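Subject: Structure handover and notes

Dear colleague,

I am passing on the structure we spoke about, and below it you will find my notes on what turned up when I went through it. Please read them with the model open beside you.

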Amino acid sequence: MTSTVETIGPAAARRAALAAQGFAHPRPSGPPTRRHLLRVLGRVRLLQLDSVNVAVRAHYMPVFSRLGPYDRALVDDAAWSHSARKPRLLVEAWAHEASLVPVEEWPLLWSGAFRDRWWRTYQPLVDRHPGLVDDILAAVKELGPISAGAIEKALEAPTRPRPPGASWWERSDVKRVCEYLFGIGSLTTGTRRHFERLYDLPERVLPPEVLAAPAPSAEEASRTLVLGSAVALGVATEPELRDYYRLAPKRSQVAVAELVDAGRLEQVQVRGWERPAYRVPGARVPRRITGRALLCPFDPLVWERARTERVFGFHYRIEIYVPEPKRRYGYYVFPFLLDGELVARVDLKADRVAGVLRVPGAFAEEGVDVPRVVAELAAELQAMADWLGLDGVEVGERGDLAAPLLREVRAQSRSVASLPAVSVSAGV
């Protein structure tokens, strides 16, 4: 007997996606705690890492977007420190990209489900220098947590003939093999120093019960990860479920089919979507979404750009690698979420020397209520500036929202005498 496929509207799909990502709940009324962080992690599943620090590191921002101002030490402690009172919650691994993932998911990532990822391109290098892997692992075991640069120095062989100033191993080879070993899970990150990765052995980083957990098959791991993607996305097509952990197409397609057969996923049709969609039975679809949030380019709500356009009608591209004259919106642009819609975008830069959050450009989406958008956006920008320890917000001239936003920032700074003074100017 063929089951009936439910049809839902795009607005319901959008609300389901927002609820799944944690935007259907109000922010905490007091300072966020480790319990609040756990709630966020239970929804987004992972925090993507990125080296760009124009405004704030990528892994901190999704937590701010959902909880509001919080102590960033909550994330640091969860990811890079460990004590009996505060056990490590997160570990670095390749998932969507380089990411922080819950420690209990570690066995899933080395099951074979990720066998064909980027690190296979380093296999010829490893084959050419089989001793280098052993040397690096030995250096990390003896000296870790340790940076790639320090490993290079440790591997210098002063008793072996070599050109002056050269290492026995090419330094670029050492760095690549470190990345390879990180990719396959033989190394992970013990801690970070000024965001530099310090490599360590998994057995010194992960809880013993995680290390002792039986390794799942690639098929079982794929099903578990696809199901986690479905929880995080609310409602999604198979390619979107696949993208969350960057699974291979065949593995994802088989996993989705098996989960549907087992009743753990259900197929739905979203009006206007060409592909079938899937959700976890009983996935929450709130009647409305309220609240506001700035989203960094690596927020899981918007990182799959085609999905962002289909779900929100919001064409979004990161323009970091676009030459400046060809950029449409700016270098590091944050979408602005308000009451369940992406209503604006702002180019942001934390100027730590001047002590201001710069807004070189601000742009409204078509048909939005501009006075309300600028009021909410100005307040959220000030909240972000306070969170980053900056003295105020400085609005530039680019974009149709810049002038009204500048006026609103100025008005709010005058009306709230208890807040730090906000610096505004006509240019950035």
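**Helix α13 and its surroundings**

Helix α13 covers residues 249-261, and at 1.5 Å a residue its 13 residues should span 18 Å, which agrees with the 18 Å that separate its end C-alpha atoms. Within α13, the residues Ser-252, Ala-255, Val-256 and Leu-259 are buried. Seen down the axis of α13, these buried residues fall within an arc of 100°, so they line one face of the helix. The face turned away from that buried side carries Lys-250 and Asp-261, both of them exposed. As for what the buried residues of α13 pack against, the partners are α11 (218-233), α12 (238-245) and β9 (277-279). Please keep in mind throughout that this is a predicted model.

After α13 comes Gly-263, which has a positive phi near 80°. In the loop between α12 and α13 lies Arg-246, a residue other than glycine whose phi is nevertheless positive, near 55°. Arg-246 counts as partly exposed, because its relative accessibility is 30%, and partly exposed here means between 20% and 50%.

**Backbone points to check by eye**

Most residues other than glycine have a negative phi, and most peptide bonds are trans. Against that background, a few further places deserve a look. Helix α2 (residues 34-44) has Arg-34, His-36, Leu-37, Val-40, Leu-41, Arg-43 and Val-44 among its residues, and these are buried; just after α2, Arg-45 takes a positive phi of about 75°.

Phe-195 is found in the loop between β5 (188-193) and β6 (196-200), and its phi is also positive, near 70°. With a relative accessibility of 18%, Phe-195 counts as buried, since the cut-off for that word is under 20%.

The peptide bond that runs from Gly-144 to Pro-145 is cis, with omega near 0°. Pro-145 belongs to the loop between α7 (130-143) and α8 (148-154).

**Aromatic rings and charges over them**

A pair of aromatic rings is described by the distance of the centres and the angle of the planes. The structure holds 9 aromatic pairs. One of them joins Trp-106 and Trp-110, whose rings are 4.9 Å apart centre to centre with 65° between the planes, an edge-to-face arrangement. Trp-106 counts as buried at 7% relative accessibility, whereas Trp-110, at 24%, counts as partly exposed.

Tyr-332 and Phe-334 form another such pair: their ring centres are 5.5 Å apart and their planes stand at 75°, so this pair too is edge-to-face. Tyr-332 counts as buried, with a relative accessibility of 0%, and Phe-334 is buried with a relative accessible area of 0%. In addition, Phe-64, Tyr-70 and Trp-387 form one aromatic cluster.

Two arginines sit over aromatic rings. Arg-197 lies over the face of Phe-182, at 3.9 Å from the ring centre, while the charged end of Arg-310 sits over the ring of Trp-273, 4.5 Å from the centre of that ring.

**Domains, and one residue of helix α16**

The domain assignment of the chain gives domain 1 as 6-111 + 215-279, domain 2 as 118-210 and domain 3 as 317-415. How far apart are the centres of domain 1 and domain 2? Taken over C-alpha atoms, these two centres are separated by 29 Å. The two domains also touch, with 17 residues of domain 1 in contact with 20 residues of domain 2.

Finally, Gln-412 lies in helix α16 (residues 402-415). Leaving aside residues up to four places away in sequence, Gln-412 touches Ala-375, Ala-378 and Ala-379. Gln-412 and Ala-20 are 392 residues apart in sequence, and their C-alpha atoms are 33 Å apart in space.

With best wishes

How values were computed
Residues numbered from 1 in each chain as written. Predicted model: local features only at pLDDT ≥ 70, side-chain atom pairs only at ≥ 80, totals over all residues. Heavy atoms only, no water. Helix = DSSP H or I, 4+ residues; strand = E, 2+ residues; numbered from the N terminus. Expected span 1.5 Å × (residues − 1). Buried < 20%, exposed > 50% of the residue type's maximum accessible area, 1.4 Å probe, protein only. Arc of directions from axis to C-beta. Contact = heavy atoms within 4.5 Å. Phe/Tyr/Trp six-rings, centres within 6.5 Å; stacked < 30°, edge-to-face > 60°. Lys NZ or Arg CZ within 6 Å of the ring centre and 35° of its normal. Domains from an automatic or database assignment.
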